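Q: Please take a close look at how charged side chains pair here, and then set that part against the rest of the protein. I am new to this structure, so a connected account would help.

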Amino acid sequence: MSHGHSHGDHGCGGHDHESPERGALFSLYTKIDTERVECLNEATEGSGKLVFKPWEERLDHTKFVESDDDEELLFNIPFTGNVKLKGIIVIGGEDDTHPAEMKLYKNQPHMTFDDVRAEPDQLFEMHRDDRGELEYATKAARFFNVNHLSIHFSRNFGADTSKIYYIGLRGEFSEAQRQGVLLVSYEAMPNPKDHKTDLTENVQQQIR
């Protein structure tokens, strides 16, 4: 269990949180395959995608996601390549609607609430943060080759529902090379069906 959080490399001063340099670090949202993002238990369909937005829009309270039946929210986040995830910032809702616990799972697409009973790759006890000042540092060795990230907010501070305005992801991105490799491998391999057909025709000709 990880309880740690940090204020990032820029210290704790208020002006540092507004700096363009800090904002540039949280640009992984541009590498999310947004159309395929899933948010389970969202009260409004499609609202979960809205919390992945530019750093300068993190305090925009017109875009948010709120849970529906209870306090849980589960995000399935596919990337367009491979990510080395280093840190996460979460701006939660007012009062007790702010999430209190966050579980991370890597490379397990389409997770459901049944799946999150499994041991997470990392767990954080969260603190209220309405300005994006707290960064939760991930275990770099564990999150170095991530093409899909699931985030489970399992509970909040006591409200019936949870609310999130912003999720910021910090890390390094590399383009996926898998498609090209598969294409080359496919072209280099003989098609066994072709050889089977030739063999069948030869046998039939001999019988005749």
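**Salt bridges and their surroundings**

A: In a salt bridge, the side chains of Arg-36 and Asp-33 come together with an N to O distance of 3.0 Å. The model is a predicted one, and a search through the whole structure gives eight salt bridges. Side chains of opposite charge can pair when their charged atoms come close. Arg-36 counts as partly exposed because its relative accessibility is 49%. Asp-33, at 21%, is also classed as partly exposed, since the limit for a buried residue is under 20%.

A second pair is formed by Lys-86 and Glu-172, whose closest N and O atoms are 2.7 Å apart. Lys-86 belongs to strand β3 and Glu-172 to strand β8, so this salt bridge ties together parts that are 86 residues apart in sequence. Lys-86 has a relative accessible area of 26% and is therefore partly exposed. Glu-172 is partly exposed as well, with 40% relative accessibility.

A third salt bridge links the side chains of Arg-117 and Asp-114 at 3.6 Å, N to O. Both of these residues are exposed. There is also a network: Glu-101, Glu-125 and Arg-155 are joined by salt bridges that share partners.

To place these pairs, it helps to look at the fold. The protein contains four helices and eight strands. Along the sequence the order is α-α-β-β-β-β-β-β-β-β-α-α. Of its 208 residues, 41% count as buried. Among contacts with a separation of 6 or more, 80% are between residues 24 or more positions apart. The accessible surface is about 11600 Å², and carbon and sulfur atoms hold 49% of that area.

Strand β4 is mostly covered, with seven of its eight residues buried. β4 runs antiparallel to β7, and seven bridges join the two strands. β4 is also antiparallel to β5, residues 122-125, through four bridges. Within that second pairing, Met-102 has Phe-124 of β5 as its bridge partner.

Met-102 leads to the interior. The largest nonpolar core has 29 residues, and Met-102 is among those with the most contacts inside it, along with Phe-75, Leu-149, Ile-151, Phe-153 and Ile-167. Strands β3 (73-92), β4 (99-106), β7 (146-156) and β8 (163-175) each give at least two residues to this core. β3 has the largest share, with eight residues. Leaving out residues up to four places away in sequence, Met-102 touches Ile-88, Val-90, Gln-122, Leu-123, Phe-124, Met-126, Tyr-136, Ile-151, His-152 and Phe-153. Another core lies apart from the largest one; it has six residues, including Phe-26, Trp-55, Tyr-165 and Tyr-166.

Polar residues can be followed in the same way. Asn-156 is placed in strand β7 and stands opposite Pro-99. Asn-156 counts as buried because its relative accessibility is 8%. The Asn-156 side chain reaches the backbone nitrogen of Gly-158 at 2.8 Å. A further polar contact, of 3.0 Å, joins the side chains of Asn-156 and Ser-162. Setting aside neighbours within four places in sequence, the residues in contact with Asn-156 are Glu-71, Asp-96, Thr-97, His-98, Pro-99, Ala-100, Thr-161 and Ser-162.

Two loop residues deserve a note on backbone geometry. Most residues other than glycine have a negative phi. Asp-95 has a positive phi of about 55 degrees although it is not a glycine. This residue sits in the loop between β3 and β4, and Asp-95 is classed as exposed because its relative accessibility is 64%. Asn-41 likewise has a positive phi, near 75 degrees. Asn-41 is found in the loop between β1 (38-40) and β2 (65-66). With 16% relative accessibility, Asn-41 counts as buried.

Back at the salt bridges, Lys-86 and Glu-172 connect β3 with β8, two of the strands that each supply at least two residues of the largest core.

Technical notes:
Residues numbered from 1 in each chain as written. Predicted model: local features only at pLDDT ≥ 70, side-chain atom pairs only at ≥ 80, totals over all residues. Heavy atoms only, no water. Core = buried A, V, L, I, M, F, W, Y, C linked by side-chain atoms within 4.5 Å. Buried < 20%, exposed > 50% of the residue type's maximum accessible area, 1.4 Å probe, protein only. Contact = heavy atoms within 4.5 Å. Polar contact = N/O pair within 3.5 Å; in protein donor to acceptor, adjacent residues only side chain to side chain. Pairing = 2+ DSSP bridges. Areas by Shrake-Rupley, 256 points an atom, 1.4 Å probe, with all protein chains shown as cover. Salt bridge = Lys/Arg side-chain N within 4 Å of Asp/Glu carboxyl O.
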